[in-house]
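Work through the exercises below with the sequence and the model side by side. Try each task before reading its solution.

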Amino acid sequence: MSSKQEELERPDTVAPEERTRGILFVVSSPSGGGKGTLIQRVLKQVLNLSYSVSYTTRAPRNGEVKGREYFFVTPEKFHAMVEAGEFLEWATVHGKLYGTSRHQVSREVFEGRDIILEVDVQGAASVRELVTDSVSIFILPPSVEILRQRLIDRGTDSPEELELRLRHAPAELKDYRAFDYVIINDQVERAAGQLSCIIEAERTRRARQEPQIKRVIESFS
Ligand code: 5GP
């Protein structure tokens with residue numbers, strides 16, 4: 001077991017047999033794939049679910065709020081956090097640094113809350129390796145034309161940024177086979193419904209509910 005996984009699996013004050021750890025849901029898609037909108041909907045619909053707020057060195061876009069979309073930090077601060085082991089995973093994406101807070105994820109998981117990590121395909125691969133019972137979901141835009149249009153409509157990227165994001169999309173798409181689930185995001189309502197269903201179905205897996213099941217079964221004897 002790696003030290004990062006030990007850190008995540010460190011026992012807390014609840015007895016291990018009583019504790020139900022939260023589930024890590026890793027969601028990836030190319031930039032403009034619509035995962036942000038989907039996740040916002042699902043967070044409103046599904047109870048006991050939180051969102052991992054990443055750290056990034058990219059500049060805030062119009063309307064983005066520190067601590068809501070991201071924590072915006074300088075490259076120096078980011079590197080210091082890497083050195084201090086504060087990230088569960090981190091990666092360079094479209095030339096900027098992005099990282100998942102180990103502390104936030106550990107806290108949510110140990111308190112029994114499920115958490116969504118919105119990360120790129122490199123981040124998804126790292127989390128999959130570290131947390132073997134995490135669940136990964138790939139959001140596929142329905143076509144390259146729609147992806148381009150979404151990026152244009154979003155209006156947040158410079159023409160160079162937009163081209164960079166489109167250029168990276170084919171390589172990101174190739175990774176879809178590594179994911180447990182794929183949602184084709186052609187209709188936001190349906191896609192959000194599918195994401196909610198995946199979360200609820202994963203929560204219902206027998207292996208994840210053993211302590212609760214045992215309690216119910218014991219009450220019959
Ligand atoms: P954006 O700048 O459009 O918000 O995000 C660019 C890419 O970085 C997206 O694919 C997004 O999922 C990814 N990303 C956001 N936060 C993280 C993170 O903490 N780790 C990794 N590996 N990727 C991230």
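**Exercise 1.** Find which backbone atom the side chain of Q104 reaches, and decide whether Q104 is buried or exposed.

Solution. This is a predicted model.
- Step 1: locate Q104, which lies in helix α4, residues 102–110.
- Step 2: follow its side chain to the backbone nitrogen of V53, at 3.0 Å.
- Step 3: list the contacts of Q104, leaving aside neighbours within four places in sequence; these are Y51, S52, V53 and I115.
- Step 4: take the relative accessible area of Q104, 12%. Buried means under 20%, so Q104 is buried.

**Exercise 2.** Determine which strands pair with β6, and in which sense.

Solution.
- Step 1: mark β6 at residues 96–101.
- Step 2: look at β3, residues 54–56, which pairs with β6 in the antiparallel sense over two bridges. Here Y55 stands opposite G99 of β6.
- Step 3: look at β5, residues 87–93, which also runs antiparallel to β6 and is joined to it by six bridges. In this pair T92 stands opposite L97.

**Exercise 3.** Describe the turn between β5 and β6, then state how many residues of β6 are buried.

Solution.
- Step 1: β5 and β6 form a hairpin, with two residues between them.
- Step 2: in that turn, check H94, whose phi is positive, about 50°.
- Step 3: count the buried residues of β6; five of its six are buried, and the strand is mostly covered.
- Step 4: compare this with the general pattern. In a regular strand, side chains alternate between the two faces of the sheet.

Note on methods
Residues numbered from 1 in each chain as written. Predicted model: local features only at pLDDT ≥ 70, side-chain atom pairs only at ≥ 80, totals over all residues. Heavy atoms only, no water. Buried < 20%, exposed > 50% of the residue type's maximum accessible area, 1.4 Å probe, protein only. Helix = DSSP H or I, 4+ residues; strand = E, 2+ residues; numbered from the N terminus. Pairing = 2+ DSSP bridges. Polar contact = N/O pair within 3.5 Å; in protein donor to acceptor, adjacent residues only side chain to side chain. Contact = heavy atoms within 4.5 Å.
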